[in-house]
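Student: I'd like a close look at one part of this protein. Let's put it up first.

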Amino acid sequence: MLIAQLSDLHIRLPGQKAYRVVATDAYLPPAVAAVNAQAPRPDVVVISGDLTDFGRPAEYAHLKHLLDELRMPYLLLPGNHDDRAMLAEVFADHVYLAGHDGYVQYAVEDYPVRIVVLDTVVHGESHGALCERRLAWLADRLAEQPDRPTVLVMHHPPFNTGIGHMDAIGLREGADALARIVARHGNVERILCGHLHRSIFRRFGGTIASTCPSPAHQVALDLRNDAPSAFVMEPPAYMLHEWRDGALVSHVAYIGNYDGPYPFHEGGALIDV
């Protein structure tokens, strides 16, 4: 099984630039094309939040037009820039967005690896939280199939990254309780997150939690506590997670046209001259 992960699309209206710099809707079609061209083709795409920049209906309509070019199923979850109600209204064919108890939480049973989505959004705020209701729902879902390999997907990562301004709007509530729930279930292969616009990994609750780069702009890699809130136009990217030999193997895939591939060997020998 092959899962492609996109994150932090921040789509605005056609041609509008985010933060006066990034035409995010111009970056998404190359990302979609790259995922479609991947060999083998991913079975499913998970898009881990911040789908639009302001959660406006017209932004979601534009996003849907762009994402419907994907040649495989895709799964959505909200980030702090999103609006749950608008997302569910525009993507009405994605019936799972009705969620549970007011949150966009759901489990997907269609693949060798179970996909369980958690909603970390706090309405009107940039930081995230996992309240008792959301965590109880997760505990119940994991208890249903304790031996089945499972991937959790959420927007805010459950750990501090060292990028101060992003940690200030990280998961403020529920991380410790989440770690205890995950630790009780050795079948949780990975926690896939967004929010950071970078690829970051940390051991968490006996598994690995990771974040995904953006197909557009990346958060500046500045590990000072007082780092300014800033982004850079580093190469756009997405992630590929392959279920192989009983474990999940992850790769960062860069989007764009680059020189190569070039051979290492010629005539059976390593090229010397």
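Student: How many residues line the largest pocket, and which of them lie nearest its centre?

Tutor: One caution first: this is a predicted model, where local features need pLDDT of at least 70 and side-chain atom pairs count only at pLDDT 80 or more, while totals for chains, interfaces and linings use all residues. Residues are numbered from 1 along each chain as its sequence is written, and side-chain values use heavy atoms, leaving out hydrogens and water.

Now the pocket. It is lined by 16 residues, and Y19, H81, M166, V219 and S229 lie nearest its centre. (On a 1 Å grid over the protein atoms alone, a pocket is an open set of points with protein on both sides within 12 Å along at least five of seven lines, while a cavity is a set where a 1.4 Å probe fits but cannot get out; lining residues have an atom within 4 Å of a point.) The space inside comes to about 320 Å³, a volume being what probe spheres set on the points fill, with points joined across faces, edges and corners.

Helix 5 (164-167) and strand 12 (218-219) each give the lining at least two residues. (Helices are DSSP runs of H or I with at least four residues, strands E runs of at least two, numbered from the N terminus.) By class, the lining has 6 nonpolar, 9 polar and 1 charged residues; Ala, Val, Leu, Ile, Met, Phe, Trp, Tyr, Cys and Pro count as nonpolar, Asp, Glu, Lys and Arg as charged, and the others, Gly among them, as polar.

Follow M166 and you reach another space. Besides lying near the pocket's centre, M166 lines the largest cavity, along with P157, F159, N160, D167, G170, L171, H195 and L196. That cavity has a volume of about 30 Å³, and the count is 1 cavity of 30 Å³ or more. Its lining splits into 5 nonpolar, 3 polar and 1 charged.

From L171 in that lining, carry on along the chain to helix 6 (residues 175-183), whose buried residues are A175, L178, A179, I181 and V182. (Buried is under 20% relative accessible area, exposed over 50%, partly exposed in between, with a 1.4 Å probe and protein chains only.) Viewed down the helix axis, they fall within an arc of 165°, so they line one face; the arc is taken from the directions from the axis to the C-beta atoms. On the other side, D176, R180 and A183 are exposed. Cover for the buried residues includes helix 4 (132-144) and strand 8 (171-173), by contact, meaning heavy atoms within 4.5 Å.
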